[in-house]
Amino acid sequence: MQPTEQFNQGLLQYLSTSPTPFHAVANMQRELAAQGFSLLNEAESWSLQAGGKYMVTRNGSALIAFVMPSQEQALQQGLRLVGAHTDSPCLKVKPQPEMCRQGYFQLGVEVYGGVLLNPWFDRDLSLAGRVSYRTTTGQLKSCLLDLRKPVAVIPSLAIHLDREVNQNRSINPQRDIPPILWQQAKLNAQDWRAQLLTLVQQQDGDAERVLDYELSFYDTQAAALVGWNQEFIASARLDNLLSCYVGLQALLQAPAPGAILVCTDHEEVGSASCCGAEGPFLQDVLARMWPEQELRLRIIQGSLLISADNAHGIHPNYADKHDANHGPLLNQGPVIKINANQRYATNSETSAVLRRLAELEQVPVQAFVVRTDMACGSTIGPITATKLGVPTVDVGVPTFAMHSIRELAGSDDAWYLYRMLSRFMQECPRFI
Ligand SMILES: [Zn+2]
């Protein structure tokens with residue numbers, strides 16, 4: 001197998017087994033532990049050794065992994081940070097979700113982030129997330145749940161009952177998207193937590209009462225290579241688990257002192273949370289690596305953050321949505337994202353470093369600016385740069401259908417990004 005194919009197989013596996021940020025982090029944690037990264041507990045004291053490999057998680061949905069450099073290494077070479085986010089737009093089950101109508105049991109859902117709702121209809125949906133419960137002895141515990149099988153569906157309304165649907169369909173998220181789970185003729189249960197309890201008890205026989213949960217629906221169709229020549233990767237959550245996986249593999253392949261992977265949660269809703277990029281997670285970890293402020297600030301100023309999050313490829317059916325000179329193509333390399341209004345944190349010097357990395361690895365890169373008459377998206381790059389003052393460049397692989405239940409990327413681009421990030425994590429080209 002070619003290295004690209006082998007890499008993509010690992011990526012497909014990661015995408016398919018990470019239906020929620022909790023699972024994405026647990027899977028990263030497992031791989032890091034297998035490569036000798038030890039888990040730090042934020043509630044305990046740390047004694048970090050130069051050359052030591054560490055990881056720390058927050059809320060089970062954000063993760064920072066790093067190889068501790070010596071003070072000298074940190075000052076001379078700076079930190080090489082790669083950032084990505086673990087969350088993706090989805091439908092989350094409400095706290096009191098039970099709906100019994102026409103003999104069907106449905107769950108009320110909240111829309112998390114900017115979900116493209118249309119593609120959620122007529123899919124074989126499953127459910128995953130975290131459940132918190134009490135045991136028979138009164139202890140509080142949480143566990144992860146992933147049902148894996150299709151347990152729900154949001155059927156479309158037949159075209160015969162809405163003749164205008166192909167001209168002007170709009171979706172009311174309160175009315176139109178509660179998924180159907182069962183018919184009450186088959187199962188006359190109305191207490192959602194009681195149903196969950198039987199699932200939790202399969203993992204923990206001492207579980208007695210489900211207290212709360214964060215569960216979201218996902219498409220059971222596995223990530224796959226598609227296209228005539230398998231030139232595309234189709235999957236849910238490419239935004240942004242693709243970048244999490246690429247960053248993880250880059251770190252594992254080259255665990256050099258000063259390399260740091262930062263995967264935060266809640267980007268899709270603005271990053272403001274204890275485990276989001278706007279929260280203090282990264283600052284807290286850096287403060288514990290170098291408690292002395294002046295030293296820490298010197299190290300940060302000699303560092304670089306590559307913020308990796310997917311970009312919009314130019315779609316052949318909608319080419320006018322892009323600036324004519326800035327239409328990234330799938331399989332033509334990672335995209336450097338630039339915005340004069342600082343929706344991206346890239347500047348000419350941080351971008352130059354990225355272009356130099358691409359040269360060194362002989363990998364293509366592209367550039368993106370949004371059409372001048374359209375609003376620009378944003379990501380964790382500018383947020384982290386604002387909080388930390390670290391030089392930052394925003395980059396990401398070009399994709400189609402961002403925030404759909406099934407997105408599309410090029411099958412070469414993740415590999416290209418991986419090559420650049422691996423190089424970067426070993427040694428960052430520096431200005432003199
Ligand atoms: Zn994203």
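Glutamate 42 is a good place to start in this predicted model: at 24% relative accessibility, glutamate 42 counts as partly exposed. Its side chain forms a salt bridge with arginine 58, and the closest N and O atoms of the two are 2.8 Å apart. Arginine 58 belongs to strand E2 (residues 53-58), while glutamate 42 sits in the loop between strand E1 (38-40) and E2, so the pair ties together parts that are 16 residues apart in sequence. Unlike its partner, arginine 58 is buried, with a relative accessible area of 13%. The contacts go further, for salt bridges that share partners join Glu42, Arg58 and Asp284 into one network.

How many salt bridges are there by count? The count comes to twelve. Another of them pairs arginine 130 with glutamate 214, with 2.9 Å between the closest N and O atoms. Here the two ends lie in strands E7 (residues 125-135) and E10 (residues 207-219), so parts 84 residues apart in sequence are tied together. Arginine 130 is buried at 19% relative accessible area, whereas glutamate 214 is partly exposed at 34%. In a further salt bridge, arginine 423 meets glutamate 361 at 3.0 Å, N to O. This pair links helix H11 (residues 413-426), which holds arginine 423, with helix H9 (residues 348-361), which holds glutamate 361; the two residues are 62 residues apart.

Next, turn to the metal. Which residues coordinate the zinc ion? They are His85, through NE2, together with Asp239 and Asp309, at 2.0 to 2.6 Å; Asp309 is listed with two OD donors. The angles among the four donor atoms run from 53 to 140°, and the site is irregular. Histidine 85 lies in strand E4 (residues 80-85) and aspartate 309 in the loop between strand E14 (304-308) and strand E15 (311-312), so this pair ties together parts that are 224 residues apart in sequence. Histidine 85 is buried, with a relative accessible area of 0%, and aspartate 309 also counts as buried, at 5%.

Finally, look at the pockets. The largest one has a volume of about 830 Å³. Among its 38 lining residues, Ala311, His312, Phe368, Gly377 and Met402 lie nearest its centre. Helix H10 gives the largest share of that lining, three residues. By class, the lining of this pocket has 14 nonpolar, 16 polar and eight charged residues. The second largest pocket holds about 440 Å³ of space. Of its 17 lining residues, Phe121, Pro155, Ser156, Leu157 and Asp176 are the closest to its centre.

Notes:
Residues are numbered from 1 along each chain as its sequence is written. This is a predicted model: local features need pLDDT of at least 70, side-chain atom pairs count only at pLDDT 80 or more; totals for chains, interfaces and linings use all residues. Side-chain values use heavy atoms; hydrogens and water are left out. Donors are N, O and S atoms within 2.8 Å of the metal (3.2 Å for Na, K and Ca); water is not among the atoms, so sites may look incomplete. Four donors count as tetrahedral if all angles lie between 85 and 135 degrees; four count as square planar and six as octahedral if opposite donors are over 155 degrees apart and all others between 65 and 115; anything else is irregular. Helices (H or I, at least four residues) and strands (E, at least two) are DSSP runs, numbered from the N terminus. Buried means under 20% relative accessible area, exposed over 50%, partly exposed in between (1.4 Å probe, protein chains only). On a 1 Å grid over the protein atoms alone, a cavity is a set of points where a 1.4 Å probe fits but cannot get out, and a pocket is an open set with protein on both sides within 12 Å along at least five of seven lines; lining residues have an atom within 4 Å of a point. Grid points are joined across faces, edges and corners, and a volume is the space filled by probe spheres set on the points. Ala, Val, Leu, Ile, Met, Phe, Trp, Tyr, Cys and Pro count as nonpolar, Asp, Glu, Lys and Arg as charged, and the others, Gly among them, as polar. A salt bridge is a side-chain nitrogen of Lys or Arg within 4 Å of a carboxyl oxygen of Asp or Glu.
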